Amino acid sequence: MKNMKALKYILMSLTALALWACGDDDEPDVPQPSVATTVTAKYQVSLSDDLLKVADVTAYYVSADGTVKNEPVQTSPWTKEVSVAADKSFGFALKYGVKSSANIDTEKEYSIKTTESISYDVKDQYASSMASGKKERTTLSASVMGEGVAKYLANISSSSAFRWDGSSMSSATIDWGFNADINGGHTDTPVSGDPATGDGE
């Protein structure tokens with residue numbers, strides 16, 4: 001008789017435990033708030049045909065590991081896509097110089113134009129898009145006589161850099177390793193040294 005009571009008590013305890021465990025399984029999971037984890041950025045540069053013929057153009061860009069790398073821009077458009085941590089700055093800069101092998105006609109007028117853009121997509125820990133957009137600007141736009149091309153291209157540079165601040169893109173500062181005066185975020189003002197703006201030497 002005692003064994004029957006003990007067995008009944010054990011069975012009731014196990015049933016109660018099973019019901020309690022099932023109750024926990026039925027509770028809905030509370031989703032965690034979205035937190036930005038990565039920014040996928042696409043850098044793009046479009047150069048005029050004349051500019052490709054007469055200029056050496058180097059792109060400096062923030063790579064996937066967060067370091068600044070560079071490579072020559074030899075075709076248009078030049079593109080590079082990277083994913084960086086959402087708490088890191090990203091962007092690219094361009095540096096120009098006259099091409100040593102260029103056959104420049106001093107009496108010809110050259111169309112010098114560069115358009116830069118950065119497309120971005122901010123993703124959270126669930127790989128869902130939190131924000132996306134595109135920043136675009138024309139940094140060079142001028143007609144230059146051949147005799148002035150070398151002077152025009154000497155030491156011209158531009159920079160576009162951003163950082164996700166948790167709700168929107170804000171300008172950032174990146175050390176590109178050259179021309180400290182052009183470090184900083186994207187603006188819609190032409191680069192220093194563009195004779196079309198009156199800022200040229």
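Which residue's side chain meets that of E71 in a salt bridge? K80 does, with 2.9 Å from N to O. That pair gets its own view below, in a set of close-ups of a predicted model.

**View 1. The whole chain, before zooming in, has three helices and nine strands.**
Reading from the N terminus, the elements go α-β-α-β-β-β-β-β-β-α-β-β. The protein chain has 201 residues, and 36% of them are buried. Take the contacts between residues at least 6 apart in sequence: 70% of these join residues at least 24 apart.

**View 2. Four strands make an open sheet in the order β4-β1-β6-β7.**
The pairing here is antiparallel. At the edges sit β4 (78-85) and β7 (129-145), each of which pairs on one side only. Ignoring direction, neighbouring strands of this sheet are turned against each other by 10° on average. As for what holds such strands side by side, strands of a sheet pair through backbone hydrogen bonds, parallel or antiparallel.

**View 3. Walking across the sheet, β1 meets β4 through eight bridges.**
The two strands run antiparallel, and V45 has W78 as its bridge partner in β4. Next comes the join between strand β1 (residues 36-47) and β6, with 11 bridges and again an antiparallel run. Here T38 is matched with K123 of β6. Keep K123 in mind, as its side chain turns up again in View 7, where it meets D121 in a salt bridge. Last is the step from β6 to β7, antiparallel too, with 15 bridges. I118 and its bridge partner K135 in β7 are one spot to look at along this join.

**View 4. β2 and β3 fold back on each other as a hairpin.**
Strand β2 (residues 55-62) and strand β3 (residues 68-72) pair in the antiparallel sense over five bridges. Y61 is a handy marker, with K69 as its bridge partner in β3. Five residues lie between the two strands. In that turn, G66 has a positive phi of about 90°.

**View 5. E71 and K80 form one salt bridge, with N to O at 2.9 Å.**
How buried or exposed are the two partners? E71 is partly exposed, as its relative accessible area is 22%. K80 also counts as partly exposed, at 22% relative accessibility. The chain has four salt bridges in total, and two others follow in the next views.

**View 6. R137 and E116 meet in a salt bridge of 3.6 Å, N to O.**
R137 belongs to strand β7 and E116 to strand β6, so this pair ties together parts that are 21 residues apart in sequence. Those strands are already joined by 15 bridges. R137 counts as buried, since its relative accessibility is 8%. E116 is buried as well, with a relative accessible area of 2%.

**View 7. K123 and D121 pair their side chains in a salt bridge at 2.8 Å, N to O.**
K123 is partly exposed, at 24% relative accessibility. D121, at 18%, counts as buried, because the cut-off for buried is under 20%. K123 is also the bridge partner of T38 in β6.

**View 8. D124 is buried yet has no salt bridge.**
This residue lies in strand β6 (residues 109-124). What is the nearest side chain of opposite charge to D124, and how far away is it? K123, at 8.1 Å. A salt bridge needs the nitrogen and oxygen within 4 Å, so that distance does not qualify.

**View 9. The D124 side chain has polar partners: S34 and the backbone of Y126.**
With the side chain of S34, the side chain of D124 makes a polar contact at 3.0 Å. The D124 side chain also reaches the backbone nitrogen of Y126, at 2.8 Å. Leaving out residues up to four places away in sequence, D124 touches S34, V35, A36, T37 and M130. Of these, S34 is the one that takes part in the 3.0 Å side-chain contact.

Methods. Residues numbered from 1 in each chain as written. Predicted model: local features only at pLDDT ≥ 70, side-chain atom pairs only at ≥ 80, totals over all residues. Heavy atoms only, no water. Buried < 20%, exposed > 50% of the residue type's maximum accessible area, 1.4 Å probe, protein only. Lys, Arg positive; Asp, Glu negative; His and termini not counted. Polar contact = N/O pair within 3.5 Å; in protein donor to acceptor, adjacent residues only side chain to side chain. Contact = heavy atoms within 4.5 Å. Pairing = 2+ DSSP bridges. Axes fitted to C-alpha atoms, helices over the stretch in contact; angles between N-to-C directions.
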